Structure formats: C-alpha cells, structure tokens
Amino acid sequence: MQHICLVEVVGCTLILCLLGYYIIMEWENNDAVAMLTYAILLVTFTFNIFIYCFIGELLTDQAMKVARTSCTLEWFHLPEKTSRCLILIMAMSNRPIKITAGKFLDLSLNSFGAIVRTSVAYLNMLRTTSI
C-alpha cells in the first residue's frame, strides 16, 4: 500500500504541475475548450490526492480515539481475560497508525496542503521562466 500511495501522490503532483502549465499556455492561445478541459482534469487530480490524504487523516484520528479510550478505561475492574486483551491494545496504541506514501510522507490534511503549495510554487516557477 505504501508504494501505491507513493506512486499515486508523486504522479498526481507532477500532473497537477503540468496541467497548471497547460492552462497558462491555453490562456495565452485563447482556447477556451482546452482550458476548460485542463481545468476539469486539474480539479479531478486535486480531488484524488485529497481523498488519499483525507482517508489517512481519518485513520489517524480513529487510531488516536482507540488509544485514548483504551487508556482511560478502568481495565482493572474488568475480568482477567478481558483485561489482558485490553493491555495488548493499550501497548499497540502507543504508536498511532498512519498511512504513508512510501515512508516519505504521512498522508494527512497537512501533507495535502504541502502538496498543493508545492504544485503552485512549481507552476509559478514555470510561468515565470516561460513568459
């Protein structure tokens, strides 16, 4: 899953940069149909990255809730067998679960913002050098 997310995030980021560049080029050519097509593709790939990052954020939040709940339970009042299982869950929840893109990038809403900022910065650089 990590490698798939890495390929997806890097590929969509590069496509975002190129689509932004193509939109600028079509703006100069006054081709409204091509510009609209590229804009729709830009929104689609942005939404694709957002979905991956949103799912990663939800998973992390749910893992934090499980950790908080398991640590605040009065496990010593439970039956012995149940409390043993709960102690294992408490030990496992000390390290929250996160979806990563190839162990480089945690998929969260913060990383989505960083991806969009990087794409816009690269697009700005392309616009500056091409005009």
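The exercises below work through the core, the cysteines, the surface and the salt bridges of one predicted model.

Residues are numbered from 1 along each chain as its sequence is written, and side-chain values use heavy atoms, with hydrogens and water left out. Because the model is predicted, local features need pLDDT of at least 70 and side-chain atom pairs count only at pLDDT 80 or more, while totals for chains, interfaces and linings use all residues.

**Exercise 1. The core**

Find which residues make up the largest nonpolar core, and which helices supply them.

Step 1. A nonpolar core is a set of buried Ala, Val, Leu, Ile, Met, Phe, Trp, Tyr and Cys residues joined through side-chain atoms within 4.5 Å. Buried means under 20% relative accessible area, exposed over 50%, and partly exposed in between (1.4 Å probe, protein chains only).

Step 2. The largest such core has 11 residues: C5, V9, C12, L16, I49, C53, I99, A101, L107, F112 and I115. At least two of these residues come from each of α1 (2–29), α2 (32–72) and α4 (109–130). Helix α1 gives the most, with four residues. Helices are DSSP runs of H or I with at least four residues, strands are runs of E with at least two, and both are numbered from the N terminus.

Step 3. Take V9 as an example: leaving out residues up to four places away in sequence, V9 touches I49, L105, L107 and I115. Contact here means heavy atoms within 4.5 Å.

**Exercise 2. The cysteines**

Determine how many disulfides the structure holds, and where the cysteine sulfur nearest to C5 lies.

Step 1. A disulfide is counted when a pair of cysteine sulfur atoms lies within 2.5 Å. A search of the whole structure finds zero.

Step 2. For C5, the nearest cysteine sulfur belongs to C53 and is 9.1 Å away.

Step 3. C5 is buried, at 0% relative accessible area, whereas C85 is partly exposed, at 49%.

**Exercise 3. Positive phi**

Locate N30 and K103, and state whether each is buried or exposed.

Step 1. N30 has a positive phi of about 60 degrees although it is not a glycine. N30 lies in the loop between α1 and α2 and is exposed, because its relative accessibility is 68%.

Step 2. K103, also not a glycine, has a positive phi near 60 degrees. K103 sits in the loop between β1 (100–101) and β2 (105–106) and counts as exposed at 66% relative accessibility.

**Exercise 4. Salt bridges**

List the salt bridges and describe the residues in each.

Step 1. The rule asks for a side-chain nitrogen of Lys or Arg within 4 Å of a carboxyl oxygen of Asp or Glu. The count comes to two.

Step 2. R84 and E80 form one salt bridge, at 2.3 Å from N to O. About one helical turn separates R84 and E80, because they are four residues apart in helix α3. Both R84 and E80 are exposed.

Step 3. D106 and K98 form a salt bridge at 3.8 Å, N to O. D106 is partly exposed at 36%, and K98 is partly exposed at 45%.

**Exercise 5. A buried glutamate**

Establish where E26 is found and what E26 is in contact with.

Step 1. E26 is found in helix α1. Its relative accessible area is 16%, so E26 is buried.

Step 2. Leaving aside neighbours within four places in sequence, E26 is in contact with D31, A34, M35 and Y38.
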